[in-house]
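Thank you all for making the time this morning. I would like to walk you through one model, beginning with a single element and then widening the view, so please keep the sequence and the picture in front of you as I talk.

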Amino acid sequence: MKVFVTGVGGQLGHDVINELYKRGYEGIGSDVAAAYSGVADGSAVVSAPYISLDITDEEAVDKAITEVNPDVVIHCAAWTAVDMAEDDDKVELVRRVNAGGTQNIANSCKKLDCKMIYISTDYVFDGQGTEPWKPDCKDYKPMNVYGQTKLEGELAVSKTMDKYFIVRIAWVFGLNGKNFIKTMLNVGKTHDTVRVVNDQIGTPTYTYDLARLLVDMAETEKYGYYHATNEGDYISWYDFTKEIYRQAGCSANVIPVTTEEYGLSKAARPFNSRLDKSKLAENGFKPLPTWQDAVKRYLKEIEV
């Protein structure tokens, strides 16, 4: 199986390339950077085919994907700076990346009749209520620019293609980049007390575990919408932080606060990020391990 992966400079794309390499598949990575550092096999960095690509350039996308002629495209590239997306001078750029770039990729996949896996987000919903969102729910009401443009990407895929997987995730952490766990560990080293919101509820997603699932999906034709985060009880960011500090042996005192009390965010954040993942098992996919187990393995990886 030959797989073209966008966004390999990010947390998820990096792990997807690694997973493909481990299984003996041919993985070709792309990102906007001129060069890519390669994939790790546990002891060394192994050279991986890489194409520098701006996904907003329709001609460049079509040329790159047509030349590779993959069986599957796993589209991890996206604008993910949620607050910055709200800036007036960034909105159209965010839309060109998340919606336009995705449309360009979907067009090429359609032409080549290859599969496409698009990574989306809980932010396509309005984040209200307490019921977990079902993967086939179409009650879209994005509450910020990031969510709206990711929804536009979803629609670009679903309206263009038949052979697609749309996989919504939330609260992502991985080795290759910034994330909540790294931020909280750094804050815990410099502050005796840490304030964390306790009224936004969801479950985390470890990119190492998600990458395995995405490659599992690529091996099948069980197309459609899915939700994929780590298993375990739904939690708040406060609960998440408490467990991170417990496992890391951090003594900082964690204080729960409401979103309103916390302030600071330019973009509205969802209170309800509960994603119903039951469709994974129903379609024969192995669910991700618990988020507590994922945190344990992740902290070991980053040598905490």
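Let me begin with strand β8, where Tyr164, Ile166 and Arg168 point one way while Phe165, Val167 and Ile169 point the other way, and where the residues on both sides are all buried. I should say at once that this is a predicted model, so please hear everything that follows as a description of a prediction. Strand β8 covers residues 164-169, and since 6 of its 6 residues are buried, the strand is largely enclosed by the rest of the structure. Which strand pairs with β8 in the parallel sense? That is strand β7, residues 115-121, and the two are joined over 6 bridges. If you would like one place to look, take Ile117, whose bridge partner in β8 is Phe165.

A second parallel pair is found at the start of the chain, where strand β1, residues 2-6, is joined to β2 by 5 bridges. Here the example to look for is Thr6, which has Ser30 as its bridge partner in β2. Strand β2 itself, residues 26-31, is mostly covered, with 5 of its 6 residues buried.

Let me now step back to the whole protein, which has 10 helices and 15 strands. Its radius of gyration is 19 Å, close to the 19 Å that the globule rule gives for 304 residues, and so the protein is as compact as a globular protein of that length. Taken along the principal axes, the C-alpha atoms fill a box of roughly 55 × 45 × 40 Å. Buried residues make up 52% of the 304 residues, and of the contacts with a separation of 6 or more, 78% are between residues 24 or more positions apart. The accessible surface comes to about 13,500 Å², and carbon and sulfur atoms account for 49% of that area. As for charge, there are 34 positive and 44 negative charges, and their mean positions are 3 Å apart.

I would now like to turn to two loop residues and their backbone angles. Most residues other than glycine have a negative phi. Asn69, however, has a positive phi, near 50°, and this residue is found in the loop between α2 and β6. Asp113 also has a positive phi, in this case near 60°, and lies in the loop between α3 and β7. Are these two residues buried or exposed? Asn69 is partly exposed, with a relative accessible area of 45%, whereas Asp113, at 51%, is exposed, because the cut-off for exposed is over 50%.

Finally, let me show you Tyr234, which lies in the loop between β13 and β14 and is partly exposed, with a relative accessible area of 32%. Leaving aside residues up to four places away in sequence, Tyr234 touches Pro132, Ile201, Gly202, Thr203, Arg274, Leu275, Asp276 and Lys277. For one of these, Thr203, the C-alpha atom is separated from that of Tyr234 by 5.4 Å, although the two residues are 31 residues apart along the chain. Another residue from that list, Asp276, has its C-alpha atom 31 Å from that of Asn186, with their positions 90 residues apart along the chain. Asn186 is found in helix α5, residues 180-190, and at 47% relative accessibility it counts as partly exposed.

Definitions and conventions. Residues numbered from 1 in each chain as written. Predicted model: local features only at pLDDT ≥ 70, side-chain atom pairs only at ≥ 80, totals over all residues. Heavy atoms only, no water. Helix = DSSP H or I, 4+ residues; strand = E, 2+ residues; numbered from the N terminus. Rg over C-alpha atoms; globule rule 2.2 N^0.38 Å. Buried < 20%, exposed > 50% of the residue type's maximum accessible area, 1.4 Å probe, protein only. Contact = heavy atoms within 4.5 Å. Areas by Shrake-Rupley, 256 points an atom, 1.4 Å probe, with all protein chains shown as cover. Lys, Arg positive; Asp, Glu negative; His and termini not counted. Charge placed at Lys NZ, Arg CZ, Asp CG, Glu CD. Pairing = 2+ DSSP bridges.
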